[in-house]
Amino acid sequence: MRDRITGSKALMRALQAEGVKTIFGYPGGSIMPVYDALFDYTRGEKKCFDHILVRHEQGATHAAEGYARVSGEVGVALVTSGPGVTNTLTGIADAMLDSTPIVVIAGQVPISALGTDAFQEVDLVGVSQPISKWSYQIRHAEDVSWAVSRAFYIARTGRPGPVVLDFAKNAQVEEIDYDPQKVRFIRSYVPYPKLDAEAVRQAAELINNAKKPLALVGQGVELGNAQSELKAFLEKADIPAGRTMLGLSALPSNHPLNVGMLGMHGNYAVNMKEQECDVLIAIGMRFSDRVTGNLKTYAKQAKIIHLDIDHSEIDKNVKTDVAVIADCKESLPAITALINKTSHQEWRDSFKPLDEKEREKVIEPAIHPKEGPLRMGEVVHAVAIQAPDDAILVTDVGQNQLFATRYFKYHHKRSICTSGGLGTMGYGMPAAIGATFAAPERTVCCFMGDGGFQMCIEELGTIMEQKAPVKMIVMNNHYLGNVRQWQDMFWLRRKSFTKMMNPDYGPIAQGYGIPYQAVTDRKDLADAVTRMLTTDGPFILECAILEEDNVLPMTPPGMDIDKMMLEI
């Protein structure tokens, strides 16, 4: 007997075949047949999916991103056509810039109505192609199995990223004889380049001859699940390592070779030493402008080795001397086998005076202020010292992000979710929701400013409904703090529309049934953090912050990376 089913049911089977367990979505007219099919797959004996009803489609994509970042699996968002899918474009772009594997499935009008300006019709393939790894329109039910398998294959392999499937309504209701398909090869797509043995040899030779080597560790190590390979490489050659913001949990905070965070608001010593090292080894990072500062002066004294899976990143921003194009889980062990066991103690010791200078001028005043209002750094520090070792940091964007990433502690892999390349305000809360479904056994701490919190405040409804145990720390300074800092520093203190009038968050939390506490005095901070971390389920901790708190150190935009300011 033939297995004849609709395209919508074929989608359910195809998602099952890809191992999908959680879907973040929002229904609508053009995706209704799929949601009808989903009904049977989310309850009873046939249940195989959890569907999380978000409150905004952008929230669905960010939740899918958070799920993917923490789980290492592909996140899935399901939305309708027109405004439903255009609301996902920010999340798709965010995932593209941060190499996050998600698949967005959107309804579309029937193919007979395409090009007629039908209700809620939008050219999704056209608008999403530049910001996705692949964008495809499913026009017939017979293409569902192949398209879904190909989408997941592209999203998760090589350099991960977002894929968009535009699912025409006629294809959702057509009946077909279901034929499961599995895509394992695409002729024009080479996700894992063949490792070049000569490039490995040249890289090892440069490292063996280095007197002052420095590694720059990016998210590629996390994406490649190469955390142990990284440690073996660094420890054999005794190489100090800085980490990009997205790569912070690739190497534990307390590892002796960890020398801090790179970039504009990174740690002082590692940024200064980038301009002194003789061999610079970039591992799974893309030399972002926020890391390099002025490219004309960046690391000109050093030989550059770049390990990356994506050929397009090589020489894009920084000219390399040796490029090792491969998955770092393969390239790191290959290089490690050829490098000498050595010590660079004198070179590593040279970081210490600079670290002490930063600790005295920046860190201690930030995390242990003696008077005045609460500071963002001390709030992050207070949470970090009480949070479990396997806690996950999620941030929104702005000063909250910069303080949180600097002062949180990372002990386990896949412990940070933040919007790096796109810098998306409103990312934090939905990404934290996704993280709780990816790792329900881990504590999720989500730091937000008052601006970012209000950009995604509707997702409190999702948290309420799902009882998602997100520990939300709202650092409220009544400003768009990062923009205000730049206005003070570079725009003659002309605070143009950065002051915010905020609501009373207490009644809002009460309306959603979420425990809440406000802290205005530092003597109450530690106990409030304890209450938050020991309360089952979600919690909102609002902290009244010094209005003009500034993130330091800072390299002004476009300046040399070693021109870091320790004070304003």
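In this predicted model, the side chains of Q485 and Q399 are joined by a polar contact of 2.9 Å. Q485 belongs to helix α22 and has a relative accessible area of 0%, so this glutamine counts as buried, the cut-off being under 20%. Beyond its neighbours within four places in sequence, Q485 is in contact with Q399, with H265 and I568, and with D549, N550, V551 and M554. The partner in the polar contact, Q399, thus also appears among the residues that Q485 touches.

Helix α22 itself spans residues 481-490, and its buried residues are G481, R484, Q485, Q487, D488 and M489. A general point about helices helps in reading such a list: an α-helix has 3.6 residues a turn, so residues three or four places apart point the same way. Among the elements that cover the buried residues of α22 is α18, which runs over residues 399-407. Just after α22 comes L492, whose phi is positive, at about 55°.

Helix α18 also packs against a second helix, α17, which is formed by residues 376-386. The two axes come within 9 Å and cross at roughly 45°. An angle of this kind is neither roughly parallel nor roughly perpendicular, and α17 is therefore oblique to α18. The crossing of the pair is right-handed. On the α17 side, the contact is made by M376, G377, V380, H381 and A384, while α18 contributes Q399, N400, F403, A404 and Y407. Sorted by type, the residues of this contact comprise six nonpolar and four polar ones, with no charged residue. Q399 is a pleasant link between the two parts of this account: it is one of the α18 residues in the contact with α17, and its side chain makes the polar contact with Q485.

A further buried side chain deserves a look elsewhere in the model. H62 sits in helix α3, which covers residues 57-71. Its relative accessible area is 0%, and H62 is therefore buried by the cut-off of under 20%. The side chains of H62 and E65 are joined by a polar contact of 2.9 Å. Setting aside residues up to four places away in sequence, H62 touches G91 and D94, together with T424, G426, Y427, P430 and A431.

Notes:
Residues numbered from 1 in each chain as written. Predicted model: local features only at pLDDT ≥ 70, side-chain atom pairs only at ≥ 80, totals over all residues. Heavy atoms only, no water. Buried < 20%, exposed > 50% of the residue type's maximum accessible area, 1.4 Å probe, protein only. Helix = DSSP H or I, 4+ residues; strand = E, 2+ residues; numbered from the N terminus. Contact = heavy atoms within 4.5 Å. Polar contact = N/O pair within 3.5 Å; in protein donor to acceptor, adjacent residues only side chain to side chain. Axes fitted to C-alpha atoms, helices over the stretch in contact; angles between N-to-C directions. Parallel < 35°, antiparallel > 145°, perpendicular 65-115°, else oblique. Left-handed = near helix turned anticlockwise from the far one by under 90°. Nonpolar A, V, L, I, M, F, W, Y, C, P; charged D, E, K, R; others polar.
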